[in-house]
Each structure stands twice: as structure tokens, then as C-alpha cells.
Amino acid sequence: MKQFGEEVIFSARFEAAKRVLIAGDFNNWMPESTPMVKNGGAPGKWTMSLPLRPGRYRYRFMVDGEWVTDPNNKYVEANQFGELNNIVEVK
């Protein structure tokens with residue numbers, strides 16, 4: 001995850017994935033509304049750029065129908081399902 005102005009770029013590598021979505025506080029946890037894009041320059045790399053206002057957001061990836069914690073973001077907290085949500089702080 002990188003921030004450029006008001007844009008936050010999420011990226012992760014899921015080599016065998018056919019579909020990667022992102023869900024969080026910013027889209028009412030509706031993964032279908034935010035599909036990530038497969039980056040042609042790097043095998044298995046998925047990206048998504050989102051305009052986010054300053055604040056704290058929880059999110060997770062959905063990889064081929066399974067919830068997955070962002071492997072590149074160690075800032076996490078437990079959710080009500082006993083799994084981990086990632087946290088991003090937008091300045």
C-alpha cells in the first residue's frame with residue numbers, strides 16, 4: 001500500500017489467483033464493487049488505486065472467493081470472525 005496525495009494504491013502478489021477483490025470500510029465491505037486489476041508487468045501482481053479521505057480504514061482482500069489478509073501490511077486487528085483485518089491510515 002502506498003499513498004500518493006489522495007490516492008491510495010493497494011497491491012499484492014497472488015500468483016495463482018484468477019480474481020482478486022478488495023473490501024473495507026471505504027466500500028461498505030462489498031468486495032464486488034472493487035475488483036483489483038492484474039498488473040501485466042509482473043506475474044501474479046494485482047493493484048487497485050482508491051481515492052480515500054484522511055482517516056483510518058479496515059480492509060481485506062478476497063482472492064478467488066476466500067478472505068485473505070494483505071501479506072504486505074503488518075498493521076492488523078482482529079475482527080468479529082476471529083480473523084485479521086488490515087488497517088491503513090490515510091494522512
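Okay, a definition to begin with: two strands count as paired here if DSSP finds at least two bridges between them. Keep that in mind, and keep in mind too that what we're looking at is a predicted model.

So let's use that definition straight away. Strand β4 and strand β5, which covers residues 45-51, run antiparallel and are joined by 2 bridges. One residue to look for there is Lys-38, whose bridge partner in β5 is Trp-46.

Now zoom out a bit. That pair belongs to an open sheet of 4 strands, ordered β1-β2-β5-β4, with antiparallel pairing. Which strands stand at the edges? They're β1, residues 2-4, and β4, residues 37-38; each has a single partner strand, so one side of each has no neighbour in the sheet.

Stay with Lys-38 and Trp-46 for a second, because they come up again with Ala-17. Ala-17 sits in the loop between β2, residues 7-13, and β3, residues 20-24. Is Ala-17 buried or exposed? Its relative accessible area is 7%, so Ala-17 is buried. And what does Ala-17 touch, leaving out residues up to four places away in sequence? Lys-38, Trp-46, Val-63 and Asp-64. To get a feel for distances, try going from Ala-17 to Arg-56: that's 39 residues in sequence and 28 Å in space, C-alpha to C-alpha.

Arg-56 brings me to charges. Side chains of opposite charge can pair when their charged atoms come close. In this model the count comes to 6 salt bridges, and I'll walk you through some of them.

Take Arg-19 and Glu-32 to start. Their side chains meet in a salt bridge at 2.8 Å, N to O. This pair links distant parts of the chain, 13 residues apart: Arg-19 is in the loop between β2 and β3, while Glu-32 is in the loop between β3 and β4. Arg-19 has 41% relative accessibility, so it counts as partly exposed.

Now back to Arg-56. Its side chain meets that of Glu-77 in a salt bridge, again given as 2.8 Å, N to O. Arg-56 is in strand β6, residues 55-63, and Glu-77 is in strand β8, residues 76-78, so this pair ties together parts 21 residues apart in sequence. Arg-56 also has a salt bridge with Glu-89, at 3.7 Å, N to O. Glu-89 lies in strand β9, residues 84-90, so here the parts being tied together are 33 residues apart in sequence. Put those together and you get one network: Arg-56, Glu-77 and Glu-89, joined by salt bridges that share partners.

How accessible are these residues? Arg-56 is partly exposed at 41% relative accessible area. Glu-77 is partly exposed too, at 24%, and so is Glu-89, at 37%.

The strand that holds Glu-89 is worth a look of its own. In β9, 5 of the 7 residues are buried, so the strand is largely enclosed by the rest of the structure. Which strands does β9 pair with? One is β6, joined to β9 by 5 bridges and running antiparallel. Another is β8, with 3 bridges to β9, also antiparallel. Find Asn-86 in β9 and you can see both pairings: Tyr-59 stands opposite Asn-86, and Val-76 stands opposite Asn-86 as well. β8 and β9 form a hairpin with 5 residues between them, and Gly-82 in the turn has a positive phi of about 80°.

Last stop, the aromatic rings. A pair of aromatic rings is described by the distance of the centres and the angle of the planes. The structure holds 6 aromatic pairs. One of them is Phe-26 with Tyr-57: a tilted pair, 6.2 Å centre to centre, with 55° between the planes. Phe-26 is in the loop between β3 and β4 and Tyr-57 is in strand β6, so the pair ties together parts 31 residues apart in sequence. Tyr-57 counts as buried, at 13% relative accessibility.

And which residues do the ring pairs link into a cluster? Phe-10, Phe-14, Phe-26, Tyr-57, Tyr-59 and Phe-61. Notice Tyr-59 in that list; that's the residue opposite Asn-86 in β9. That's my tour, thanks.

Technical notes
Residues numbered from 1 in each chain as written. Predicted model: local features only at pLDDT ≥ 70, side-chain atom pairs only at ≥ 80, totals over all residues. Heavy atoms only, no water. Buried < 20%, exposed > 50% of the residue type's maximum accessible area, 1.4 Å probe, protein only. Contact = heavy atoms within 4.5 Å. Salt bridge = Lys/Arg side-chain N within 4 Å of Asp/Glu carboxyl O. Phe/Tyr/Trp six-rings, centres within 6.5 Å; stacked < 30°, edge-to-face > 60°.
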